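User: I'm new to this one and would like a slow walk through it. Could you start with whatever wording I need to follow you?
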Amino acid sequence: MSPTASDGLAKLDHRWRAVVPAVALCGVIAAALSFLIPTTASAGPTVKVAQAGPVQPGFQRFAWLNAWADHHTAPGGAAAGRLDGVPRMRIVVGHLRRTVIDFGVLAEVETPQREAFESFGREFGLVSTPDATDDAVFYRRSVFRLVSKDTVTMYYRHGAQVSAPVVVLEERSSGQRVGVVPVHFPASLPSAPGQKKWRDLNARIVKDVVARAEVPMVVAGDFNQRNDILCDLTSPGTGLVSPLATHEKCAGARRAPIDQAFLSPSLRPDRYQVYSGPSARRATDHGAFYQVRLRLSDIA
């Protein structure tokens, strides 16, 4: 790392620690979020796959779901009688093809599932982290190219540190760029109560990432919260909107799912859809896949 880059990281870390108490946020920023600096990215194998056109010129489809980590259904897992992670990922890839998804987020994936996704869905690129269980960003290679990948530290159950990729993609046809952050906040369970403080901390990290971004952002995944996170991440000043409700109507809106997406307003999300058929119920314990249409061309 050059002295200049090192100095930049030190300054970023100094500013971060000055804003949030060090006891809670030590090590939050794992790397400077240099959104517009390209990094080396493998294009992957050349695969000839029939490609349907985008939903409408200038628009793309974004999807998100909880992929239900492989260990849950592996031998000895709590749901060992259910379909294993590899065939479940085949279902996911089939859904992405049928619905012509261009990019999105997979929350809670493990090595067998990552390998299965890359094997079954070779028309997609996958960006993940070295964590045993992590959250990944995928994109259709014919539609996007990978510009950069950074990481940010977030917190899971009992404050365990996890890495989240912060990915910048560029739409090939327009040159427009968009950033994506996949998340998985910890749930409060009888066996693990009191996880709200870590969810709140993660929400603050998300807001900081969005505030620093120089491109429109999408934050999606498993928030393990409903209308409370809907209201929090659409509050004035966050720079995010939801396809579910505005901030003014979030508290009285219908019960939100725990799998949500928040987007920069310039992306103009619409056509929110939930797929909850038999395939989704086999592939994930959340029983649903989600998608939204957004616009990458003519971004103000």
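Analyst: A residue is called buried under 20% relative accessible area, exposed over 50%, and partly exposed in between, using a 1.4 Å probe and protein chains only. This is a predicted model, in which local features need pLDDT of at least 70 and side-chain atom pairs count only at pLDDT 80 or more, while totals for chains, interfaces and linings use all residues. Residues are numbered from 1 along each chain as its sequence is written, and side-chain values use heavy atoms, with hydrogens and water left out.

User: OK, what is the chain built from, and what share of it is buried?
Analyst: The protein chain holds 7 helices and 11 strands, where helices (H or I, at least four residues) and strands (E, at least two) are DSSP runs numbered from the N terminus. Of its 300 residues, 52% count as buried. Taking contacts (heavy atoms within 4.5 Å) between residues at least 6 apart in sequence, 66% join residues at least 24 apart.

User: How are the strands of the open sheet ordered?
Analyst: The open sheet has 6 strands in the order β3-β4-β2-β1-β11-β10, with mixed pairing; two strands count as paired if DSSP finds at least two bridges between them. At the edges are β3 (124–127) and β10 (270–275), each of which pairs on one side only. From one strand to the next the twist averages 20 degrees, with axes taken as lines fitted to C-alpha atoms, for helices over the stretch in contact, and angles running from 0 to 180 degrees between N-to-C directions.

User: Which way do β2 and β4 run, and how many bridges join them?
Analyst: Strand β2 (residues 103–110) and strand β4 (residues 133–140) run antiparallel and are joined by 6 bridges. One place to look is E110, whose bridge partner in β4 is T133. Across β2, β3 and β4 lies helix α4 (residues 111–120), running at about 145 degrees to β2.

User: What about β5, is that strand enclosed or open?
Analyst: Strand β5 (residues 144–155) is largely enclosed by the rest of the structure, because 9 of its 12 residues are buried. It runs antiparallel to β6, with 11 bridges joining the two, and T153 stands opposite S163 in β6. The hairpin of β5 and β6 has 5 residues between the strands, and there H158 takes a positive phi near 60 degrees.

User: Switching to charges: how many salt bridges are there?
Analyst: The count comes to 8 salt bridges, a salt bridge being a side-chain nitrogen of Lys or Arg within 4 Å of a carboxyl oxygen of Asp or Glu. In helix α5 (residues 196–212), R212 and D208 are 4 residues apart, which means that about one helical turn separates them. Their closest N and O atoms are 2.5 Å apart. R212 counts as partly exposed because its relative accessibility is 25%, whereas D208, at 17%, counts as buried.

User: And which salt bridge links distant parts of the chain?
Analyst: R293 and D270 meet through their side chains at 2.6 Å, N to O. This pair links distant parts of the chain, with R293 in strand β11 (residues 289–295) and D270 in strand β10, 23 residues apart. R293 is buried, with a relative accessible area of 8%, while D270 is partly exposed at 28%. Elsewhere, salt bridges that share partners join R145, E170 and R177 into one network. Within that network, the side chains of E170 and R177 meet at 3.0 Å, N to O, and both E170 and R177 are buried.

User: Where's the largest pocket, and what lines it?
Analyst: On a 1 Å grid over the protein atoms alone, a pocket is an open set of points with protein on both sides within 12 Å along at least five of seven lines, a cavity is a set where a 1.4 Å probe fits but cannot get out, and lining residues have an atom within 4 Å of a point. The largest pocket is lined by 23 residues, with H72, E108, Y156, R157 and H184 nearest its centre. Its volume is about 380 Å³, volume being the space filled by probe spheres set on grid points that are joined across faces, edges and corners. At least two lining residues come from each of β2, β4 and β6 (161–171), and β4 gives the largest share, 3 residues.

User: How many cavities are there, then?
Analyst: There is 1 cavity of 30 Å³ or more, and the largest cavity holds about 50 Å³ of space. Its lining includes D135, M154, Y155, S163, H184 and N202, and the elements giving two or more residues to it are β5, β6 and β7 (177–184).
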